[in-house]
Amino acid sequence: MKLFTFTREERDIIPRKVSLSVLSGILLGFAFPPSPVGILACVGLVPLLIVLDETERTAAALRWVYLAMLIFHMITLNWTGGYAHMNDPYMMLAGAITMTLHPFFYFIPFGIFLFVRQRWGGTAALAGLPFFWVAYEYSHTLSEWSFPWLTLGNTQSYNLARIQLVSFTGVIGLSLWILALNVLTYMLLESFRREG
């Protein structure tokens with residue numbers, strides 16, 4: 001299957017890309033409650049953006065997205081399987097399926113990001129990413145397939161003084177703010193890297 005094939009150049013930098021993708025998943029995962037370090041969400045996508053910047057092929061880029069989102073889901077959704085009690089095999093199976101399959105949903109915002117990058121360049125894709133992501137988050141709250149637990153705005157629930165804007169924008173507006181910070185941080189790091 002083409003999704004799982006690598007070019008020779010990709011094979012040479014796989015360990016670095018794996019590390020950055022896993023780091024992105026860890027940062028996002030530990031940003032969610034009950035962890036008190038929700039600020040990690042403001043930089044959680046930066047390592048993944050670095051990987052995507054270094055990956056030209058869409059299939060390869062989506063592979064790194066899946067890895068990051070899988071780690072993210074394993075940290076944030078492990079409770080869905082009841083693994084602390086280990087007494088309900090059906091619940092454990094359902095939790096494992098959720099953690100394994102739900103990361104594919106993130107192909108939607110990142111697929112649009114990659115499409116825009118291919119058509120109009122990296123700057124346009126980065127400018128659009130916060131909007132692609134929150135549009136996905138919003139659409140993911142609308143039907144019986146609703147899955148609101150992983151809305152990025154939820155990461156800031158311990159920072160009550162700083163998140164008062166939710167009274168005007170709702171949690172989706174908070175997600176937009178977090179994504180904008182990720183993009184700005186990534187752009188700042190890239191500008192330092194190019195100058196240095």
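1. Does Met86 count as buried or exposed at its relative accessibility? In this predicted model, Met86 counts as exposed, because its relative accessibility is 52% and the cut-off for that class is over 50%. The residue lies in the loop between α4 (58-76) and α5 (89-101), and its backbone deserves a look as well, since phi of Met86 is near 55°, a positive value in a residue other than glycine. Most residues other than glycine have a negative phi.

2. A second backbone point concerns Pro33 and Pro34, which are joined by a cis peptide bond with omega of about 15°. Pro34 has its place in the loop between α2 and α3 (46-53). As general background, most peptide bonds are trans.

3. On the salt bridges, the count comes to three. One of them pairs Arg16 with Glu54, where the closest N and O atoms are 2.5 Å apart. Because Arg16 lies in helix α2 and Glu54 in the loop between α3 and α4, this pair ties together parts that are 38 residues apart in sequence. Arg16 counts as partly exposed at 41% relative accessibility, and Glu54 likewise counts as partly exposed, at 34%. Side chains of opposite charge can pair when their charged atoms come close.

4. Within helix α8 (residues 166-195), the side chains of Arg193 and Glu190 meet in a salt bridge, with a distance of 2.8 Å from N to O. These two residues are three residues apart in the helix, so they are separated by about one helical turn. Their accessibilities fall in separate classes: Arg193 is exposed, with a relative accessible area of 52%, whereas Glu190 counts as buried at 7%.

5. Glu190 has another partner in Arg194, and in that salt bridge the closest N and O atoms are 3.7 Å apart. Arg194 and Glu190 both lie in helix α8, four residues apart, which is again about one turn of the helix. At 62% relative accessibility, Arg194 counts as exposed. Taken together, Glu190, Arg193 and Arg194 are linked in a network of salt bridges, and a reader following the network from Glu190 therefore goes from a residue that counts as buried to Arg193, which is exposed, and to Arg194, which also counts as exposed.

6. Gly25 lies in helix α2 (residues 14-29), and at 0% relative accessibility it counts as buried. Which residues does Gly25 contact when its neighbours within four places in sequence are left aside? They are Ala68, Ile71, Phe72 and Ile75. For orientation along the chain, Gly25 and Val116 are 91 residues apart, and their C-alpha atoms are separated by 23 Å.

7. Finally, the structure holds one cavity of 30 Å³ or more, and the volume of the largest cavity is about 50 Å³. What lines the largest cavity? The lining is made up of Tyr106, Tyr136, Glu137, His140, Thr141, Phe147, Leu150 and Thr151. By residue class, this lining divides into four nonpolar, three polar and one charged.

Terms used. Residues numbered from 1 in each chain as written. Predicted model: local features only at pLDDT ≥ 70, side-chain atom pairs only at ≥ 80, totals over all residues. Heavy atoms only, no water. 1 Å grid on protein atoms, 1.4 Å probe; cavity = no way out; pocket = protein on both sides within 12 Å on 5 of 7 lines; lining within 4 Å. Points joined across faces, edges and corners; volume = space filled by probe spheres on them. Nonpolar A, V, L, I, M, F, W, Y, C, P; charged D, E, K, R; others polar. Buried < 20%, exposed > 50% of the residue type's maximum accessible area, 1.4 Å probe, protein only. Contact = heavy atoms within 4.5 Å. Salt bridge = Lys/Arg side-chain N within 4 Å of Asp/Glu carboxyl O.
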